[in-house]
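Reader: I should like to learn how to read a strand arrangement and a surface pocket in a model. Where should such a reading begin?

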Amino acid sequence: MTELSAAHAAAVTNRSRLAGSAYNSDRDLAARQSLYRWQTPRYDLPGIVAEKLSGVRERGRVADVGCGNGKFIQRLREDRPDLALLGLDIAPGILADVPGPVAVADATRLPLATGSVNAALALHMLYHVPDIPLAVRELSRVVTRDGLVIASTNSDRDKAELDDLWQRAAGDVLGTGRGPARISLSARFSLEKASAFLGEEFGRVETVELPGTVTVGDPEPVVAHMASYRAWADQHDVPFDATVERARAILVDHIAQHGTFEITCLGGVLVCRR
């Protein structure tokens with residue numbers, strides 16, 4: 001691991017940062033989630049997860065590991081009220097408004113008995129775990145032999161236009177032409193890497209890719225998304241607020257000239273069985 005990648009891993013997996021600033025409330029997570037309101041095609045990701053859980057019997061137990069603000073739990077309570085749902089997250093603050101039973105928990109030491117749940121969710125969270133293989137083993141341990149694990153993440157190619165925008169804005173602020181790249185949360189467990197991690201414990205890993213394009217005619221959703229990375233501002237090697245404001249100005253000019261700003265997205269869901 002290079003010094004840069006080691007610093008990146010330390011930043012995105014630091015428990016104090018995750019619990020104390022990145023996810024001490026759902027403000028920043030909600031800002032990142034909200035960008036997808038402008039995506040076409042629109043994917044009902046909670047609905048996709050609910051459909052993948054259709055084989056889980058009535059009164060089956062489902063643990064949402066790294067449940068965040070409870071977006072998926074809330075939907076499952078509506079679509080599958082017959083399931084016994086448990087939300088787990090490392091950040092106490094973000095659990096405040098999650099419905100139903102919740103607990104603060106580390107994904108590498110789940111407070112669940114072996115084979116005690118019929119399904120486990122690990123949605124856009126495994127890249128935050130310091131030891132990803134250990135977390136995958138824990139997910140495998142807690143599900144029944146015929147159970148499943150559903151994970152999700154983004155591709156290494158996801159939102160490349162935002163990476164370019166950040167580097168342009170940072171370069172303008174620094175006076176260097178192009179600035180340093182913005183931090184990527186999903187890089188450690190991207191769609192390209194996820195199957196190899198999950199395949200160590202599961203014989204069948206089905207990948208469902210979800211490509212789309214976000215099109216905005218107002219810079220604010222994009223600015224809010226970029227600003228939601230404030231917890232990692234020290235990792236950007238640029239004045240964070242000034243770079244976000246410069247990105248806003250670039251977006252205003254781009255939209256004035258072209259009418260919209262487009263972002264190419266690629267995420268995916270991975271359904272794992274033994």
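**Strand pairing and a pocket**

Author: Let us begin with a single bridge in this predicted model: Gly-212 of β7 has Cys-265 in β8 as its bridge partner.

Reader: How many bridges join β7 to β8, and in which sense do they run?

Author: The two strands run antiparallel and are joined by 13 bridges. Of the 13 residues in β8 (residues 261-273), ten are buried, where buried means under 20% relative accessible area.

Reader: Which strand is joined to β8 by six bridges?

Author: That strand is β6, antiparallel to β8. Here Val-149 has Cys-272 in β8 as its bridge partner.

Reader: What is the order of the strands in the sheet?

Author: The sheet is open, has eight strands with mixed pairing, and follows the order β1-β7-β8-β6-β5-β2-β3-β4. At its edges, β1 (39-40) and β4 (102-104) each pair on one side only. For β1, the pairing is with β7 (residues 204-216), antiparallel over two bridges; Gln-39 has Val-214 in β7 as its bridge partner.

Reader: How is empty space located, and what is the volume of the second largest pocket?

Author: A probe the size of a water molecule, rolled over the atoms, shows where space is left empty. In this model, the second largest pocket holds about 150 Å³.

Reader: Which strand gives the largest share of its lining?

Author: Strand β6 (residues 143-154) does, with four residues. The lining includes Lys-52, Arg-57, Asn-118, Asp-146 and Arg-273. By class, four lining residues are charged, four polar and two nonpolar.

Terms used:
Residues are numbered from 1 along each chain as its sequence is written. This is a predicted model: local features need pLDDT of at least 70, side-chain atom pairs count only at pLDDT 80 or more; totals for chains, interfaces and linings use all residues. Side-chain values use heavy atoms; hydrogens and water are left out. On a 1 Å grid over the protein atoms alone, a cavity is a set of points where a 1.4 Å probe fits but cannot get out, and a pocket is an open set with protein on both sides within 12 Å along at least five of seven lines; lining residues have an atom within 4 Å of a point. Grid points are joined across faces, edges and corners, and a volume is the space filled by probe spheres set on the points. Ala, Val, Leu, Ile, Met, Phe, Trp, Tyr, Cys and Pro count as nonpolar, Asp, Glu, Lys and Arg as charged, and the others, Gly among them, as polar. Two strands pair if DSSP finds at least two bridges between them. Buried means under 20% relative accessible area, exposed over 50%, partly exposed in between (1.4 Å probe, protein chains only).
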